[in-house]
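Dear colleague,

I am passing on the structure below, together with an account of what was found in it. Please read the text with the model open beside you.

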Amino acid sequence: MGEEHFLEINNLFKSYGEGDSKQEVLKGLSFKVRKGEFCVLLGPSGSGKSTLLNIIGGIDTADSGYISINSDKLEDMNEKSLTLYRRKHLGYVFQLYNLIPNLNVKENIEVGAYLSDSPLDIDDLIKTLGLWEHRYKLPNQLSGGQQQRTSIGRAIVKNPDILLCDEPTGALDFNTSKEILKLIEDVNKKYGNTIVMVTHNAAISAMADHTIKLLDGNIRENITNKEKISADKLEW
Ligand SMILES: Nc1ncnc2c1ncn2[C@@H]1O[C@H](COP(=O)(O)OP(=O)(O)OP(=O)(O)O)[C@@H](O)[C@H]1O
């Protein structure tokens, strides 16, 4: 794959509502992400970040424009191939973990593995996640950070081409947030997945290869970061 562009967002428009209540949320966005890149979508509340992430994730659709991954256009896919695409190529990490409450850590991660033809080694991954001694605990026996580690495990175990993260540290304190960001950084390095992370925290762009700053549905800045720093050095 090398340096070629892998994920392409082309002239994307999206609005909600009709007539007087119509709201333009994305106003013609275009940018490209390279394979293996750590890309941050940064912007204030309401700027359209989650909408964009959901369209990339194939769980919402654009009004016009397109997303292509590896030269495949999402909009050309029927429902069946879109489902397969989501299952095989995407991992999703949410702000509020969304773990299955009556399954333990290991079983929650196994759910992700079950969806893949070529999952990562689960025990090895649980160790990378720092969850080995917690692997038989249920989500309600875990801290917020441990729950988020588990949800990252569930998303990454299928070794997705793209890991989409929507405010993954939004519900966590400063130190735990940094641990989670470090884990995402380690995962990006170890497995080479392309990462697209939504955040309103500008400090996080210092650890990213690429930052897209959104404001009112437009791209305000498209920045390549040549001197990124490690997550454990971030301050905010
Ligand atoms: N399903 C929907 N129906 C109607 N309006 C929506 C819908 N989803 C989002 N919006 C509106 O689109 C705008 C952008 O929302 P979006 O969630 O993409 O922003 P965001 O940048 O992710 O914000 P936040 O950081 O608060 O999550 C908001 O004004 C929101 O009210």
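**What was found**

In strand β6, which covers residues 90-93, the side chains alternate: L90 and Y92 point one way, G91 and V93 point the other way, and all of them are buried. Please keep in mind that this is a predicted model; the chain averages a pLDDT of 92, with 98% of the residues scoring at least 70, and the model scores ipTM 0.95 and pTM 0.92. Where pLDDT is low, the predicted coordinates should not be read in detail.

To place β6 in its surroundings, it helps to begin with its partner strand. Strand β7, residues 162-166, runs parallel to β6 and is joined to it by 4 bridges, and within this pairing Y92 stands opposite L164 of β7. Both strands belong to an open sheet of 6 strands, whose order is β6-β7-β8-β3-β9-β10 and whose pairing is mixed. The edges of this sheet are formed by β6 and by β10 (218-224), each of which pairs on one side only, and neighbouring strands are turned against each other by 15° on average, if direction is ignored. At the β10 edge, the partner is strand β9 (residues 210-215), which pairs with β10 in the antiparallel sense over 6 bridges; here I212 has N222 in β10 as its bridge partner.

There is also an open sheet of 4 strands, in the order β2-β1-β4-β5, and its pairing is antiparallel. Its edge strands are β2 (23-34) and β5 (72-73), and because each has a single partner strand, one side of each is left without a neighbour in the sheet. Further in, strand β1 (residues 5-16) and strand β4 (residues 64-69) pair over 5 bridges in the antiparallel sense, with I9 standing opposite I67 in β4.

Helix α1 is an element that you will meet in connection with both sheets. The helix, residues 49-56, lies across β1, β2 and β4 and runs at about 60° to β2, while it also lies across β3 (38-42), β7, β8 (194-199) and β9, running at about 155° to β8. Since 6 of the 8 residues of α1 are buried, the helix is largely enclosed by the rest of the structure; the buried residues are K49, T51, L52, L53, I55 and I56. Just after α1, G58 takes a positive phi of about 70°.

The same helix matters for reading the ligand site, as α1 contributes the largest share of the shell around the ligand, namely 3 residues. Which residues surround the ligand? They are Y16, V25, G43, S45, G46, S47, G48, K49, S50, T51 and H200, and by class this shell has 2 nonpolar, 8 polar and 1 charged residues.

Finally, one residue in another helix deserves a look, namely R149, which is found in helix α5 (residues 144-156). Is R149 buried or exposed? With 25 C-beta neighbours inside 10 Å, R149 counts as buried. Leaving aside residues up to four places away in sequence, R149 touches L129, G130, L131 and L183. Of these, L183 lies 34 residues from R149 along the chain, yet the C-alpha atoms of R149 and L183 are separated by 7.9 Å.

With kind regards

Key
Residues numbered from 1 in each chain as written. Predicted model: local features only at pLDDT ≥ 70, side-chain atom pairs only at ≥ 80, totals over all residues. Pairing = 2+ DSSP bridges. Helix = DSSP H or I, 4+ residues; strand = E, 2+ residues; numbered from the N terminus. Contact = placed C-beta atoms within 7 Å. Axes fitted to C-alpha atoms, helices over the stretch in contact; angles between N-to-C directions. Buried ≥ 20, exposed ≤ 12 C-beta atoms within 10 Å, placed from the backbone. Near = placed C-beta within 6 Å. Nonpolar A, V, L, I, M, F, W, Y, C, P; charged D, E, K, R; others polar. pLDDT = per-residue confidence, 0-100.
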